[in-house]
Amino acid sequence: MKIKVGIIGATGYAGAELVRILSSHPEARLVNLTTRSYGGKSFCEVYPHLYKYVDQKCRELDLPALVGEADVIFTALPHGHAIPVAEEVLKQGKKFIDLGADFRFASREVYEQWYKVEHTAPDLLGQAVYGLPELYRDRIKTASLVGNPGCYPTSVILGLAPLLAHGLVDTGTVVADSKSGVSGAGRGLSLGVHFAEVNENFRAYNVGMHRHTPEIEQELGKLAGEDMVISFTPHLTPMNRGILSTVYAKLKQEITLGQVRSIYEEYYRNDYFVRLLPPGILPQTKAVSGSNHCDVVPVVDPRTGRVVVISAIDNLIKGAAGQAVQNMNLMCGLPETMGLDRPGLYP
């Protein structure tokens, strides 16, 4: 029997990527696609590229009914809206993966401070598993509630994890500089993502106050075994999709690039979707576009005593929908790569 899947928020960019990936997943069957804006319309009217691949109509949300007919429920909703869904899913004994921020944090106070909404089910935070398979694979396998990571955090955490796990960097010196395509802002209309505002433009935003900052600090701190505070600056670039992160940190000791690469090779040797690129090739967004890969390259700068780590992901795939399907595979006892083991698109 195929896994029956329901998606709440199916017509946003991340939701639509979930639909696209799962429409060809060999062990999944889409049974319910809900939306606030397109109820009653065929999904292919909203996203014509899925004509003849997805024949469902968009439905308005009837939460108990949706949960009742699905085995796994995904939400791709604004923060605060996934909490009642999680309560219903767990009540009915199903599996839940949230692509939003509601279950990424161990601390209710941190979530409420940065997202400015009350978390009405703090008791569920202890049950939630942070859905980064490269760090929490075994816990995800037995989880019923997974908080899918943010896109920026995925790129930064995977880039820096091996160095922190080996205690090689000064944790007070980490600076993360990230650039994202416009799809990271979602499908909703706003002045900042109009064509004339974005085209031929490149700008920083939310400097020192981006909501992904505490999520990055939480996970990097766990790897380092101590609380961490980092400088994180996101930028908006005039491209549809992709994230390139460049992370800087001071090394605690002299170490060669060869030694650092050996650490990365060992750390990610069982992680299909993390690609340590060969010497002479640096990560670029075009190389991961449409794929679930994270390309990573560390560079040692002996002149400054710093390590510079560059990572690239597709923000809608490894940064959202692809990683969510990777989590579903683990939760349902399927091969982790099922439905995802393919290269991206080029050019």
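Helices α7 and α9 of this predicted model are roughly parallel to each other, because angles under 35 degrees are counted as such, whereas angles over 145 are roughly antiparallel, 65 to 115 roughly perpendicular and the rest oblique. The axes of α7 (residues 151-165) and α9 (residues 213-224) come within 9 Å and cross at roughly 15°. Axes here are lines fitted to C-alpha atoms, for helices over the stretch in contact, with angles running from 0 to 180 degrees between N-to-C directions. Helices (H or I, at least four residues) and strands (E, at least two) are DSSP runs, numbered from the N terminus. The crossing of α7 and α9 is right-handed, that is, the near helix is turned clockwise from the far one by less than a right angle, an anticlockwise turn being left-handed. Residues are numbered from 1 along each chain as its sequence is written, and side-chain values use heavy atoms, without hydrogens and water. As the model is predicted, local features need pLDDT of at least 70 and side-chain atom pairs count only at pLDDT 80 or more, while totals for chains, interfaces and linings use all residues.

A second helix pair is formed by α1 (13-23) and α12 (residues 317-331), which pack at an angle of about 45° with their axes 9 Å apart. The two helices are therefore oblique to each other. The crossing of α1 past α12 is right-handed.

Helix α1 also takes part in the second largest pocket, to whose lining it gives the most, with three residues. A pocket is an open set of points on a 1 Å grid over the protein atoms alone, with protein on both sides within 12 Å along at least five of seven lines; a cavity is a set where a 1.4 Å probe fits but cannot get out, and lining residues have an atom within 4 Å of a point. The space in the second largest pocket is about 510 Å³, a volume being the space filled by probe spheres set on grid points joined across faces, edges and corners. Its lining holds 22 residues, and Tyr13, Val182, Ser183, Asn240 and Leu316 lie nearest the centre. Two or more lining residues come from each of α1 and α8 (195-198). By class, 11 are nonpolar, eight polar and three charged, where Ala, Val, Leu, Ile, Met, Phe, Trp, Tyr, Cys and Pro count as nonpolar, Asp, Glu, Lys and Arg as charged, and the others, Gly among them, as polar.

One cavity of 30 Å³ or more was found. The largest cavity has a volume of about 30 Å³ and is lined by Asn32, Thr34, Arg59, Glu60, Leu61, Asp62, Ala65 and Leu66. Strand β2 and helix α3 (63-69) each supply at least two of these residues.

Strand β2 also belongs to an open sheet of six strands, in the order β2-β1-β3-β4-β6-β5, with parallel pairing. Strands pair if DSSP finds at least two bridges between them. At the edges stand β2 (28-34) and β5 (129-130), each with a single partner strand, so one side of each lacks a neighbour in the sheet. Within the sheet, β4 (residues 95-98) and β6 (residues 145-147) pair over three bridges, and Phe96 stands opposite Leu145 in β6.

Strand β7 (residues 175-180) runs parallel to β9 (residues 231-236), joined by six bridges, with Lys179 opposite His235. Six bridges also join β7 to β10 (residues 243-250), in the antiparallel sense; Asp177 has Thr246 of β10 as its bridge partner.
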